[in-house]
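This report is meant for a reader who has not seen the structure before. It begins with a metal site and then turns to ring contacts and nonpolar cores.

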Amino acid sequence: MITELKSVRDIWKKMPSEHHGRVFLEEMIWPTGRYCPHCGSVRSVALRCQSARAGLYQCSEHECRRQFTVTTRTPMHSTKLDLRLWIAAIFLVLTSSKGISSVVMSRILGVNQKTAWKLGHAIRELMDDREGIASQLGGIVEVDESFVGGAPKFKKGVKNKRGRGTKKPIVLVAADRNGQAKATLVPNAQGATLGPIMKEWMEPQSILMTDGNRAYRKIGKTFAAHHTVNHGARQYSRPSLGAHINTVEAVNSQVQRALVGVYHRLGRKHLQRYLDEILWRWNHRQPAVKVRQKLTKSGAKTVTTTTWKPIPVVEQMRGLLCCAIGRQMRRTLEWGLTWP
Ligand SMILES: [Zn+2]
């Protein structure tokens with residue numbers, strides 16, 4: 001079993017043929033053993049006759065009897081690519097700290113840009129936790145909304161509006177202080193829109209931290225406590241209350257950087273998918289605590305610093321692929337994608 005992948009080259013070294021790539025994917029997609037993606041039965045047989053494709057199985061259930069492979073009903077369904085290319089694409093998405101564009105991916109993998117674009121979207125499809133697999137945010141939860149996208153094209157004499165005055169897409173972000181966050185695209189920044197989403201995301205006993213935006217006032221009353229910082233008055237923290245929204249602003253800056261720096265000119269249609277990717281990255285980090293002695297005038301002092309590092313890539317792959325079945329995508333005639 002492969003437990004570590006250090007580079008794209010490492011993938012080809014550890015998986016010298018496509019067969020090895022298939023075995024790797026089978027371990028990831030069926031962690032508790034093979035099962036039929038059509039009926040869920042654990043009884044199936046491998047088809048080894050000459051005409052059978054590699055990795056083909058047949059369900060042994062009387063009513064089902066259908067054939068399947070490891071990619072059936074996943075975003076990789078009926079792929080013609082070498083499965084190691086899929087593993088490499090997943091590796092690239094998971095290890096690039098701000099995301100990877102389809103142009104760059106196509107150069108690294110040696111595939112067509114359109115193919116790379118589809119690979120990217122298939123992987124993002126897996127990163128979506130729409131079934132609420134991830135638990136609710138708890139403890140101290142910071143919430144903020146942001147307007148995404150770069151500044152409009154410079155025009156002499158035209159003063160562009162900022163933030164609320166623009167027609168840029170609005171993203172609602174919530175982050176707790178244990179390293180977990182959620183984000184979604186919202187049609188407007190009114191309390192009636194934001195409230196229900198926040199209720200779904202957060203445990204009722206959490207402590208809410210926001211900026212002075214009035215939209216949060218009413219919903220704030222439904223949580224254990226609600227503290228605000230008033231950025232307009234240059235108030236960025238209230239140490240006595242532990243009030244600040246620096247965590248959520250860090251998530252926001254990741255969103256801005258990825259969207260402006262990597263995925264510019266992004267359609268609204270796909271924005272949620274890119275958010276899923278950015279949030280996946282945020283939510284799959286682990287804290288590394290360093291303790292060191294610092295000499296001061298009054299003697300030695302213990303200083304602890306916490307840095308957040310991505311969890312190992314194979315472990316992330318396991319989390320990503322174990323929910324792959326049932327997330328099939330289809331190609332449309334115009335090179336688009338649909339999700340049946
Ligand atoms: Zn079956």
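The model is predicted. At 41% relative accessibility, Cys39 is partly exposed, because that value falls between the 20% limit for buried and the 50% limit for exposed. Cys39 is one of the residues that coordinate the zinc ion.

**The zinc site**

Through their SG atoms, Cys36, Cys39, Cys59 and Cys64 bind the zinc ion at 2.3 to 2.4 Å. Along the chain, these donors are spaced as C-x2-C-x19-C-x4-C. The four donor atoms subtend angles of 103 to 113° around the zinc ion, so the arrangement is tetrahedral. For four tetrahedral donors the ideal angle is 109.5 degrees. Accessibility is given here for two of the ligands, Cys36 and Cys39.

| Zinc ligand | Relative accessible area | Class |
|---|---|---|
| Cys36 | 1% | buried |
| Cys39 | 41% | partly exposed |

**Aromatic contacts**

There are three aromatic pairs in the structure. In one of them, the ring centres of Trp30 and Tyr57 are 5.9 Å apart and the ring planes stand at 75°, so this pair is edge-to-face. Trp30 belongs to the loop between helix H2 (18-29) and strand E1 (44-46), while Tyr57 belongs to strand E2 (residues 57-59), so the pair ties together parts that lie 27 residues apart in sequence. Both Trp30 and Tyr57 are buried. Ring pairs also bring in Phe68, which forms a cluster with Trp30 and Tyr57.

Another ring has a charged partner: Arg285 lies over the face of Trp282, at 3.9 Å from the ring centre.

**Nonpolar cores**

In soluble globular proteins, nonpolar side chains tend to be buried together. The largest nonpolar core here has 45 residues, and those with the most contacts inside it are Leu5, Phe24, Ile87, Met105, Leu109, Met317 and Leu321. Two or more residues of this core come from each of H2, E2, helix H3 (83-95), helix H4 (102-109), helix H5 (113-127) and helix H10 (313-321). H3 gives the largest share, eleven residues.

Which residues are in contact with Ile87, leaving aside its neighbours within four places in sequence? They are Leu5, Ile11, Met15, Gly21, Phe24, Leu25 and Met317. A second core, separate from the one just described, has 21 residues, among them Val148, Val229, Ala243 and Val255.

Terms used: Residues numbered from 1 in each chain as written. Predicted model: local features only at pLDDT ≥ 70, side-chain atom pairs only at ≥ 80, totals over all residues. Heavy atoms only, no water. Donors = N, O, S within 2.8 Å, 3.2 Å for Na, K, Ca; no water. Tetrahedral: all angles 85-135°; square planar, octahedral: opposite > 155°, others 65-115°. Buried < 20%, exposed > 50% of the residue type's maximum accessible area, 1.4 Å probe, protein only. Phe/Tyr/Trp six-rings, centres within 6.5 Å; stacked < 30°, edge-to-face > 60°. Helix = DSSP H or I, 4+ residues; strand = E, 2+ residues; numbered from the N terminus. Lys NZ or Arg CZ within 6 Å of the ring centre and 35° of its normal. Core = buried A, V, L, I, M, F, W, Y, C linked by side-chain atoms within 4.5 Å. Contact = heavy atoms within 4.5 Å.
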